[in-house]
Amino acid sequence: MNGISDIMIQAAELIKYSAHTVVFTGSGISVESGIPPFRRENGLWTKYDPGFLDINYFHKHPEKSWPLIKEIFCDYYGKVKPNAAHFSLAAMEKTGLLHSVITQNIDNLHQEAGSRLVYELHGSCRYLVCEKCLKKYPVSAIDLAKLPPVCSVCGAVLKPDFVFFGEPLQEPANTDSLAEVRNARVFLLIGTSGEVMPSSLIPIEAKKNKSQIIEINTAPSNYSTTITDIFIQGKATEIMEELLFILTGIVL
Ligand code: APR
């Protein structure tokens with residue numbers, strides 16, 4: 001195993017012998033697909049005031065929130081493609097090494113890469129929902145030339161089917177994730193700062209439940225010196241490709 005670090009071998013061994021492995025992902029896993037993270041350098045919230053995604057602001061001024069929602073979460077997010085980290089996780093699920101993905105991301109890239117069991121705590125940018133009659137639409141089925149878009153059934157303004165500031169986590173994803181946490185023996189954290197409540201509590205629950213925590217991040221996070229057992233510093237794509245190769249021999 002020349003060239004493979006001890007820490008990668010330790011992580012691979014934990015996953016190999018784990019009865020139930022779950023991954024928890026944040027925006028960092030999608031950075032190499034071209035999606036900016038939320039915080040710090042190049043973060044979305046350094047460029048835009050997140051107030052346009054406050055639920056009360058949206059209800060009062062949908063016509064002001066919608067142009068930015070369209071630009072960022074429909075036009076831009078609509079073009080991005082999954083990367084090697086997403087594909088590695090999908091391959092791990094197929095080979096029985098990974099049970100499920102819990103994600104804070106709304107970009108749908110885990111599903112596009114082939115992951116089947118994905119819990120989207122913050123919902124998805126690929127759907128719009130009518131808050132009045134609850135009809136759900138794929139974004140691709142809605143004409144966004146005229147904003148804000150409205151429900152063809154009841155005429156109410158449509159909202160992206162992701163969690164705005166001031167809203168609770170999506171159900172049943174939240175309850176299902178907590179069940180996963182109870183079963184997990186190994187919990188992988190990829191590309192999350194752990195700064196946003198309440199989803200940031202999920203890895204802490206996993207640790208309380210005696211999961212081994214393996215963290216992959218380009219920089220230390222809130223978890224690195226608190227709950228993480230094995231910290232692997234590096235880009236999600238490179239680390240995950242290597243981990244997949246050590247575990248399965250698969251080269252993406
Ligand atoms: N590979 C691995 N990790 C990376 C990479 C990369 N290529 N690039 C960045 N990271 C790490 C950063 O070091 C940071 O720890 O990803 C993390 C991104 O952190 P945040 O921007 O805070 O994103 P996240 O943790 O997903 O935020 C949670 O905040 O605003 C909300 O709802 C939004 O879901 C989001 C939530």
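**Exercise 1. Find which polar atoms of the protein approach the ligand, and how much of the ligand is covered.**

Solution. Start with the backbone: an N or O atom of Ala236 lies 3.0 Å from a nitrogen atom of the ligand. This is a predicted model, in which local features need pLDDT of at least 70 and side-chain atom pairs count only at pLDDT 80 or more, while totals for chains, interfaces and linings use all residues. Residues are numbered from 1 along each chain as its sequence is written, and side-chain values use heavy atoms, with hydrogens and water left out.

Next, take the side chains. Thr218 has a side-chain N or O atom 3.3 Å from a nitrogen atom of the ligand. In Asn217, a polar side-chain atom is 2.6 Å from an oxygen atom of the ligand. Last, the cover: on its own the ligand has 750 Å² of accessible area (Shrake-Rupley method, 1.4 Å probe), and the protein covers 90% of that 750 Å².

**Exercise 2. Describe the shell of residues around the ligand.**

Solution. First, count: 21 residues are around the ligand, each with a heavy atom within 4 Å of it. Of these, Ser27, Arg39, Thr192, Ser193 and Asn217 come nearest. Then sort by class, where Ala, Val, Leu, Ile, Met, Phe, Trp, Tyr, Cys and Pro count as nonpolar, Asp, Glu, Lys and Arg as charged, and the others, Gly among them, as polar. The shell has seven nonpolar, eleven polar and three charged residues. Finally, assign domains: domain 1 (1-35 + 82-122 + 171-252) and domain 2 (36-79 + 126-162) each give at least three residues to the shell.

**Exercise 3. Locate the pocket that holds the ligand.**

Solution. A pocket is an open set of points on a 1 Å grid over the protein atoms alone, where a 1.4 Å probe fits, with protein on both sides within 12 Å along at least five of seven lines; lining residues have an atom within 4 Å of a point. The ligand sits in the largest pocket (more than half of its atoms lie within 2 Å of the grid points). The lining of this pocket has 50 residues, with Ser27, Gly28, Pro37, Phe38 and Arg39 nearest the centre. Both domain 1 and domain 2 contribute to that lining, so the largest pocket lies between them.

Terms used
A polar contact is a pair of N or O atoms within 3.5 Å; within protein, one must be able to donate a hydrogen and the other to accept it, and residues adjacent in sequence count only if both atoms are side-chain atoms. Domain bounds come from an automatic or database domain assignment.
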